[in-house]
Amino acid sequence: MPKLKKILRFIVFGTFFYTIILLILYFFQESILFQPEELPEEYTFQFEQTFEEFFLETNEGVCLNAIHFINKNPKGLILYFHGNRGSLRRWGEIASFFAIKEYDVIVMDYRSYGKSSGKITEKNLYSDAQLFYNYALNYYSEDQITIYGRSIGTGIAVALASKNHPCNLILETPYYDIKDVVESWLPHLPTNALLRFKIPSGKFIQNVTCDITIYHGTSDGVVPYKTGKRLFNSIPNVNKELITIQEGSHNDLIEFDSYLDTIDKVLDNSF
């Protein structure tokens, strides 16, 4: 009997903790996936490269904040979709790497990030990205536009590229879908029933017609290399390249020669 009581106690506690994990994942998944930094309206951005700050307004009246890095004779435009943490205060600095390379860059803050208002939904992520693509078309032709996605932003980038015709799509640490990522963190959970955010990059990428390049590190503990490779293997008949960065993790690929030695050719569509 004592042994039976221990087994029953173990089952009860195990069920309790399993249920807690399910509830946390269901009710707090937005705050797990998206970790915005809010900025006051009066915050002043400071970057070394020439830039303009601007806002676009959605049909519902939501204001979205963005930075536009500008060069005198740009090689093209990079429409950059950033990762899940921070704001333009951080991501503007990261995206300025491409401005130094003489590309104009537009990087937006998602809803609730930085000075952007509104609430994130999967539908809004896609429609807001299209809003900025349409804005870019006022100044650049599609054959000048490269869509660049990083981490959570790769799914938005793929969705946008699937509905338009940019000259290039570059994905840094991408995923096949959110389910693939969550299952790598928490296996054996009913993720299909729990996840409200799907972001099915593997589905969207079937309709992308431009060149596609993926950068992924083998030691990525946030978005595992295997899910990026799965996405790459699902790409249909377009020019594609998977640049594997040995021992690269989630936020340090720019420090590796295999990134630095290839990114110029990738941007120039000559890799």
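Is serine 151 buried or exposed? With a relative accessible area of 10%, serine 151 falls under the 20% cut-off, so it counts as buried. Keep in mind that this is a predicted model.

## The overall picture

The protein has 271 residues, and 51% of them count as buried. Its secondary structure adds up to 11 helices and 10 strands. Take the contacts with a separation of 6 or more: 70% of them join residues that sit 24 or more positions apart.

## Two nonpolar cores

The largest nonpolar core holds 54 residues, and within it Phe81, Phe132, Ile147, Leu169 and Leu171 touch the most other members. A separate core, lying apart from that one, has 26 residues, including Leu88, Phe97, Tyr103 and Leu253. As a general point, nonpolar side chains tend to be buried together in soluble globular proteins.

Leucine 171 is a good place to start looking around. Leaving out its neighbours within four places in sequence, leucine 171 is in contact with Gly149, Thr154, Ala157 and Val158, then with Ile205, with the run Ile212, Thr213, Ile214 and Tyr215, and with Leu231.

## Helix H5 and what surrounds it

H5 spans residues 152-163, and it is mostly covered, with 11 of its 12 residues buried. The buried set is Ile152, Gly153, Thr154, Gly155, Ile156, Ala157, Val158, Ala159, Leu160, Ala161 and Ser162. What do these buried residues of H5 pack against? Their partners are the strands S4 (77-81), S7 (145-150) and S8, along with the helices H4, H6 and H8.

Back to serine 151, which sits in the loop between S7 and H5. Its phi is near 55 degrees, a positive value in a residue that is not glycine.

## How H4 meets H5

H4 covers residues 122-136, and it packs against H5 at an angle of about 60 degrees, with the two axes 9 Å apart. The two helices are therefore oblique to each other, and their crossing is right-handed.

On the H4 side, Leu125, Tyr126, Ala129, Gln130 and Tyr133 make the contact, meeting Ile156, Ala159, Leu160 and Lys163 of H5. Sorted by type, the residues of this contact come out as seven nonpolar, one polar and one charged.

## Isoleucine 199, a loop residue with many partners

Isoleucine 199 lies in the loop between helix H7 (191-194) and H8. Its relative accessible area is 0%, so it counts as buried. Which residues does isoleucine 199 touch, not counting those up to four places away in sequence? They are Glu122, Leu125 and Tyr126, then Ile152, Gly155 and Ile156, and finally Tyr175, Tyr176, Asp177 and Ile178.

Some of those names are familiar from the helix pair: Leu125 and Tyr126 in H4 and Ile156 in H5 are among the residues that meet there. As for glutamate 122, 77 residues separate it from isoleucine 199 in sequence, yet the C-alpha atoms are 7.2 Å apart in space.

## Helix H9 and lysine 240

Helix H9 (residues 225-234) has Tyr225, Thr227, Gly228, Leu231, Phe232 and Ser234 buried. The cover over these buried residues includes strands S8 (168-172), S9 (211-217) and S10 (240-245), as well as helices H6 (178-185) and H8 (201-204).

Lysine 240 belongs to strand S10. Its relative accessibility is 31%, so it counts as partly exposed. Sequence neighbours within four places aside, lysine 240 is in contact with Ile212, Phe232, Asn233 and Ile235. The C-alpha atoms of lysine 240 and threonine 213 are separated by 5.6 Å, although the two are 27 residues apart along the chain.

## Two more loop residues

Where is threonine 58? Look in the loop between strand S2 (51-57) and strand S3 (63-69). Threonine 58 is buried, with a relative accessible area of 8%. Beyond its neighbours within four places in sequence, threonine 58 is in contact with Leu64, Arg111, Asp128 and Leu131.

Glutamate 247 is in the loop between S10 and helix H10 (257-260). At 62% relative accessibility, glutamate 247 counts as exposed. Glutamate 247 also has a positive phi, of about 70 degrees, although it is not a glycine.

Conventions:
Residues are numbered from 1 along each chain as its sequence is written. This is a predicted model: local features need pLDDT of at least 70, side-chain atom pairs count only at pLDDT 80 or more; totals for chains, interfaces and linings use all residues. Side-chain values use heavy atoms; hydrogens and water are left out. A nonpolar core is a set of buried Ala, Val, Leu, Ile, Met, Phe, Trp, Tyr and Cys residues joined through side-chain atoms within 4.5 Å. Buried means under 20% relative accessible area, exposed over 50%, partly exposed in between (1.4 Å probe, protein chains only). Contact means heavy atoms within 4.5 Å. Axes are lines fitted to C-alpha atoms, for helices over the stretch in contact, and angles run from 0 to 180 degrees between N-to-C directions. Helices (H or I, at least four residues) and strands (E, at least two) are DSSP runs, numbered from the N terminus. Angles under 35 degrees count as roughly parallel, over 145 as roughly antiparallel, 65 to 115 as roughly perpendicular and the rest as oblique. A crossing is left-handed if the near helix is turned anticlockwise from the far one by less than a right angle, and right-handed if clockwise. Ala, Val, Leu, Ile, Met, Phe, Trp, Tyr, Cys and Pro count as nonpolar, Asp, Glu, Lys and Arg as charged, and the others, Gly among them, as polar.
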